[in-house]
Amino acid sequence: MSDQTPPAPELWATIDTLGEWLDSHRPIEGREGMLLRILKLSEEVGEVAEAVIGATGQNPRKGVTHTWDDVQSELCDVAVTALVALRTLTPQAREVFARHLERVTRRSTERPAPADVPRPPL
């Protein structure tokens, strides 16, 4: 970590704090409230798409409206929203995520790279 990089807050403690704050300000309770929190993830992903389109100037009517820093920020919002949604589903979010990350890592790193896979003769 460089001298200019501020120390990161403890991830899961922060996710718990955000989840608790959201729980105390939730306008809709119960199953519907939980589902709406999960759907929030779709909104955040849409904001990533909007930022990428804006950073590349793909909308000729609007031109360049975003920066790549905006894209980074929106991707962070997606990650935070996903972790808060997971915490909403289970109080064991940290453990569920760690197990899943371990499976994904193992599955990805134990397979041969596509170039290493033998191809059948033509």
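**Exercise 1. Find which residues Phe97 touches, leaving out those up to four places away in sequence.**

Step 1. Phe97 touches Trp12, Leu83 and Leu86, where touching, or contact, means heavy atoms within 4.5 Å.

Step 2. Place Phe97 itself: it lies in helix α4. Helices (H or I, at least four residues) and strands (E, at least two) are DSSP runs, numbered from the N terminus.

Step 3. Now take one partner. Phe97 and Leu83 are 14 residues apart along the chain, and their C-alpha atoms are separated by 8.5 Å.

Step 4. Is Phe97 buried or exposed? Phe97 has a relative accessible area of 33%, so it counts as partly exposed. Buried means under 20% relative accessible area, exposed over 50%, and partly exposed in between (1.4 Å probe, protein chains only).

A word on the model: it is predicted, so local features need pLDDT of at least 70 and side-chain atom pairs count only at pLDDT 80 or more, while totals for chains, interfaces and linings use all residues. Residues are numbered from 1 along each chain as its sequence is written, and side-chain values use heavy atoms, with hydrogens and water left out.

**Exercise 2. Sketch the overall make-up of the protein.**

Step 1. Count the elements: there are four helices and zero strands. From the N terminus on, they run α-α-α-α.

Step 2. Check burial: of the 122 residues, 19% are buried.

Step 3. Look at the contacts with a separation of 6 or more: 52% of them join residues 24 or more positions apart.

**Exercise 3. Work out how α3 packs against α4, α1 and α2.**

Step 1. Two packed helices are described by the angle between their axes and the distance between the axes. Axes are lines fitted to C-alpha atoms, for helices over the stretch in contact, and angles run from 0 to 180 degrees between N-to-C directions. Angles under 35 degrees count as roughly parallel, over 145 as roughly antiparallel, 65 to 115 as roughly perpendicular and the rest as oblique.

Step 2. Start with α3 (residues 68-89) and α4 (residues 93-109): their axes come within 8 Å and cross at roughly 120 degrees. That makes α3 oblique to α4. Leu83, Leu86 and Arg87 of α3 meet Ala93, Val96 and Phe97 of α4.

Step 3. Sort those residues by class: five are nonpolar, none polar and one charged. Ala, Val, Leu, Ile, Met, Phe, Trp, Tyr, Cys and Pro count as nonpolar, Asp, Glu, Lys and Arg as charged, and the others, Gly among them, as polar.

Step 4. Next, α1 and α3 pack at about 70 degrees, with their axes 9 Å apart, so α1 is roughly perpendicular to α3. The α1 side of this contact includes Leu11, Trp12 and Ile15, and the α3 side is Val80, Leu83, Val84 and Arg87.

Step 5. Finally, α2 and α3 pack at an angle of about 170 degrees, with their axes 9 Å apart. The two are therefore roughly antiparallel. Their contact has 16 nonpolar, three polar and seven charged residues.

**Exercise 4. Trace the surroundings of Leu89.**

Step 1. Leu89 is found in helix α3.

Step 2. Skip residues up to four places away in sequence, and Leu89 touches Met34 and Ile38.

Step 3. Try Arg37 as well: Leu89 and Arg37 are 52 residues apart along the chain, with their C-alpha atoms separated by 9.9 Å.
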